[in-house]
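The following exercises are to be worked with the sequence and the coordinates at hand. Each task is followed by a solution in steps.

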Amino acid sequence: MNDSNRVDAQQLFTGPAGERITIDLPPPKSALVIVAHPDDAEFHCGATLAKWARAGCTVHHLVLTDGSKGTWDRGMDQSVLVEVRKAEQRTAATILGGTGVVFLGKIDGELNSDRETRAQVSAIIRRLKPEVILGHDPWKRYRLHPDHAAAGRLCIEGIVAARDPFFHPEQLVDGITPHRPEALLLFEPDQPNHAETVSEQDLQLQIDALLAHESQIETTHLYKSAAADPLQQFRRAQLERHERLGQWASVPLAQQFHLLTEQL
Ligand SMILES: [Zn+2]
């Protein structure tokens, strides 16, 4: 753990393999969430971001792809969809109390953790200097979407590149310095070891932010719903999911992560 212990979370319980399970980081001063697509952050950590923003945290979003495959409408102009999804993402980030969204604009479905993209992620981390970074778990098993795995790799590899000065030294000009975050929270974790408690108000903001992605309501939010009122079912499913995660942490509502600190 670093000297300041700013990110020291309290121990919740000991896991089945003797591992330390923790709950609730102190709200960081700044956070950066790195995702593959518009709406990924809202699904997996929206309520946590809302909680931190209310506590004074500056929350930035980095969206790696342009979301251009996020429709079932084969007549859709994809360049229009990209702009619609950017506007939706900005609205969603604002609902969660975020201050800015950076769009990298890679083609949806074709994300790679190549050297060029890793350098771009590193440059953004070095510029924004977030205390905590959140991202997809690159080690998550049985995941289908290739962008989520690639985004997870870009997150961890971007962190390594951002902290060490001989990675992309050309970036270290005009006051830009290497940066090492205090904590990394991987959402949709393969092996959860950390919970963030969230309130009903935080969860409501997450749901509002998800519904701001209007172009995704058919294809992502409600796509398996056969309910008479699919929107109501969506809200109930969100609540039930967070109640289930809360049970794991012995609190009413929670979000689940794999927390990394000492490896950073
Ligand atoms: Zn996604």
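## Exercise 1: The end of a helix

Just after α7, S250 adopts a positive phi of about 60°. The model is a predicted one.

Task: Determine where S250 is placed, whether S250 is buried or exposed, and what span helix α7 should have.

Solution.
1. S250 belongs to the loop between α7 and β9 (254–260).
2. Its phi, near 60°, is a positive value in a residue other than glycine.
3. A residue is exposed if 12 or fewer other C-beta atoms lie within 10 Å of its own. S250 has 12 C-beta neighbours inside 10 Å and therefore counts as exposed.
4. Helix α7 covers residues 230–249, which is 20 residues; at 1.5 Å a residue they should span 28 Å. The end C-alpha atoms of α7 are 29 Å apart, in agreement with that expectation.

## Exercise 2: A second positive phi

Task: Locate D174 in the chain and state whether D174 is buried or exposed.

Solution.
1. D174 is in the loop between α4 and β7 (183–187).
2. The phi of D174 is near 55°, again positive in a residue other than glycine.
3. Within 10 Å, D174 has 5 other C-beta atoms, so D174 is exposed.

## Exercise 3: Helix α2 and its cover

Task: Compare the span of α2 with the expected one, then list the buried residues of α2 and elements that cover them.

Solution.
1. Helix α2 (residues 78–95) has 18 residues, for which 26 Å is expected at 1.5 Å a residue; the distance from its first C-alpha to its last is 25 Å, close to that value.
2. Buried in α2 are V84, R85, E88, Q89, A92, A93 and I95.
3. An α-helix has 3.6 residues a turn, so residues three or four places apart point the same way.
4. The cover over the buried residues of α2 includes α1 (40–54), β4 (58–65), β5 (100–106) and α5 (200–211).
5. Just after α2, G97 has a positive phi of about 85°.

## Exercise 4: From one residue to the core

Task: Identify the contacts of L96 beyond its sequence neighbours and relate L96 to the largest nonpolar core.

Solution.
1. With neighbours within four places in sequence set aside, L96 contacts G46, L49, A50, A53, V59, L205 and A209.
2. The largest nonpolar core contains 57 residues, and L96 is among those with the most contacts inside it, as are A31, V33, I34, L49, A151 and L185.
3. Over the protein chain, 43% of the 264 residues are buried.

## Exercise 5: Two crossing helices

Task: Describe the packing of α3 against α4.

Solution.
1. Two packed helices are described by the angle between their axes and the distance between the axes.
2. The axes of α3 (residues 115–128) and α4 (residues 146–163) come within 8 Å and cross at roughly 60°. This crossing of α3 and α4 is right-handed.
3. On α3 the contact is made by T117, R118, A119, V121, S122, I125 and R126; on α4 it is made by L154, E157, G158, I159, A161 and A162.

## Exercise 6: The whole chain

Task: Decide how the radius of gyration of the protein chain stands against the globule rule.

Solution.
1. The protein chain has seven helices and nine strands.
2. Its radius of gyration is 18 Å, close to the 18 Å given by the globule rule for 264 residues, so the chain is as compact as a globular protein of that length.
3. Along the principal axes, the C-alpha atoms fill a box of roughly 55 × 45 × 35 Å.

Methods. Residues numbered from 1 in each chain as written. Predicted model: local features only at pLDDT ≥ 70, side-chain atom pairs only at ≥ 80, totals over all residues. Helix = DSSP H or I, 4+ residues; strand = E, 2+ residues; numbered from the N terminus. Rg over C-alpha atoms; globule rule 2.2 N^0.38 Å. Buried ≥ 20, exposed ≤ 12 C-beta atoms within 10 Å, placed from the backbone. Core = buried A, V, L, I, M, F, W, Y, C linked by C-beta atoms within 7 Å. Contact = placed C-beta atoms within 7 Å. Expected span 1.5 Å × (residues − 1). Axes fitted to C-alpha atoms, helices over the stretch in contact; angles between N-to-C directions. Left-handed = near helix turned anticlockwise from the far one by under 90°.
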